[in-house]
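Hi everyone, thanks for making time today. I'd like to walk you through a structure that is new to most of us, so please get comfortable and have a look at the screen.

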Amino acid sequence: MTIPFLDLKSINLQDKATFHDALERVLESGWLIMGREMAVFEAAFANYCGSTYALGVGNGLEALHLVLRAWGIGPGDEVIVPANTYIATWLAVTYAGATPVPVEPVDRTFNIDPALIEAAITPRTKAIVAVHLYGQPADMDTIGDIARRHGIKILEDAAQAQGARWRGRRTGALGDAAGFSFYPGKNLGALGDAGAITTDDAELAQSLDMLRNYGSRHKYENEVLGFNSRLDELQAAFLSAKLPRLDADNDRRTAIAARYCESLADIEDLTLPYVAIGAEPAWHLFVIRSARRGTLQQFLKKRDIGTLIHYPIPPHLQKAYSYLGYKLGDFPISEAMHAEVLSLPIGPTMTDSDVDLVIDAIRAFHRPIS
Ligand SMILES: *Cc1c(COP(=O)(O)O)cnc(C)c1O
């Protein structure tokens, strides 16, 4: 029995019939980019998140980058980012021409530590990117208070957290704007690259509508230097087909997470995920910590159980960011996480017996030799 880390085939085959309908509809419409399918998905996704506007874009990185651009953030500006995140969060800031300023995470939640944000704020700070890492919502109340006090914007990086809630409200409606990715492996994944931005700000939505499409509102009239970052009609149609399943998929992920937590709680060498009060995670990833991460991963691999490491190298130690001058030891909490984290399979099509195979294997690894 093989347990893949994420079985995208079985996940997408659930919607095979509606995907065929979507393809048929798009082909028959004769319209392939920025049309009715995008508008329909945008309305449905805004409604799902509880935001006024949603704008389809090419991918999650562009969603984040375009918001920073639309806010006029650029060279000379600083943007606070988590030290512990996927590099896309930092790249969005770099693309805008601004400088990412990393802040260490809270050990238990893996998310940015609000208590450390204020010390990183300078007169150049224009925004905070709050990442809901692994699908666990960040502490948006505290981050919101800090941002208001300093007059800076909050951009949610909700790429891993479609459907997650913080004190009853969904991600995408917790900051000034949010960037989503619909990369195939995300909780709501397209059949290719796709992304979206949500916001309640009408003026921002209007600038983004231009920025994503060559800076143009009327064809061949370019008001600003724009980009080409659009959501294809076909991907929008596929996403509309999948969106109604997102809550059920997230519920299944939650049930799997509960099963892991219950069955692995007594293993002292493992640290299991912690859910903050007020958080309803989307469980994009189920991340454990182990001092023997490497050997545990090899042991599971021999039993055909797929795991991944999110992430092995923090952004500040990536070669691409060597010009910022950071070194090992600059963000020790984040660095320790990168050395110890391991993501277990948690796809929504896993059965209870699949989950039990993973649990049994992990228990076998930790069994004392008698
Ligand atoms: C996936 C991801 C992104 C980028 O999304 P793409 O669609 O791959 O560009 C940004 N931030 C985080 C935290 C992600 O996981």
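I'll go through the ligand, then the pockets and cavities, and then two spots in the backbone.

Before we start, please keep in mind that this is a predicted model.

Let's begin with the ligand. Where does the ligand sit? You'll find the ligand in the largest pocket. If you want to see its neighbours, pick out N59, G60, L61, Y86, A88, V131, D157, A159, Q160, S181 and K186, which surround the ligand. Sorted by class, that shell is made up of five nonpolar, four polar and two charged residues.

Now look at three contacts made by oxygen atoms of the ligand. At S181, an N or O atom of the side chain lies 2.6 Å from a ligand oxygen. Q160 also uses its side chain, with a polar atom 2.8 Å from an oxygen atom of the ligand. With L61 the partner is a polar backbone atom, and here the distance to a ligand oxygen is 2.9 Å. How much of the ligand's accessible area does the protein cover? Taken on its own, the ligand has 380 Å² of accessible area, and the protein covers 90% of that.

Let's widen the view to the pocket itself. The largest pocket holds about 660 Å³ of space. It is lined by 34 residues, and Y86, Q160, Y183, K186 and Y311 are the closest to its centre. Three elements each give two or more residues to this lining: helix α4 (60-70), helix α5 (87-96) and strand β8 (177-181). Which of them gives the largest share? That would be α5, with four residues. By class, the lining of the largest pocket counts 19 nonpolar, eleven polar and four charged residues.

There is another pocket to show you. The second largest pocket has a volume of about 380 Å³. Fourteen is the number to remember for its lining, that is, 14 residues, and the closest to the centre are M34, N213, S216, K219 and R230. Strand β10, residues 216-218, gives the most to this lining, with three residues. Here the classes come out as five nonpolar, four polar and five charged.

Next, the cavities. How many cavities of 30 Å³ or more are there? The count comes to three. The largest cavity contains about 60 Å³ of space. Its lining is formed by R108, T109, F110, Y134, Q136, P273, Y274, W283, L285, F286 and V287. Eight of these residues are nonpolar, two are polar and one is charged.

Two of the residues I've named deserve another look, this time for their backbone. One is F110, which helps line the largest cavity. F110 is not a glycine, yet it has a positive phi of about 70 degrees. You can find F110 in the loop between β3 (99-103) and α6 (117-120).

The other is Y311, one of the residues closest to the centre of the largest pocket. Is the peptide bond from H310 to Y311 cis or trans? The bond is cis, with omega near 10 degrees. Y311 belongs to the loop between α11 (293-302) and α12 (332-340).

That's my tour. Thanks for listening, and I'm happy to go back to any part of it.

Conventions: Residues numbered from 1 in each chain as written. Predicted model: local features only at pLDDT ≥ 70, side-chain atom pairs only at ≥ 80, totals over all residues. Heavy atoms only, no water. 1 Å grid on protein atoms, 1.4 Å probe; cavity = no way out; pocket = protein on both sides within 12 Å on 5 of 7 lines; lining within 4 Å. Points joined across faces, edges and corners; volume = space filled by probe spheres on them. Nonpolar A, V, L, I, M, F, W, Y, C, P; charged D, E, K, R; others polar. Near = heavy atom within 4 Å. Polar contact = N/O pair within 3.5 Å; in protein donor to acceptor, adjacent residues only side chain to side chain. Areas by Shrake-Rupley, 256 points an atom, 1.4 Å probe, with all protein chains shown as cover. Sits in = over half its atoms within 2 Å of the grid points.
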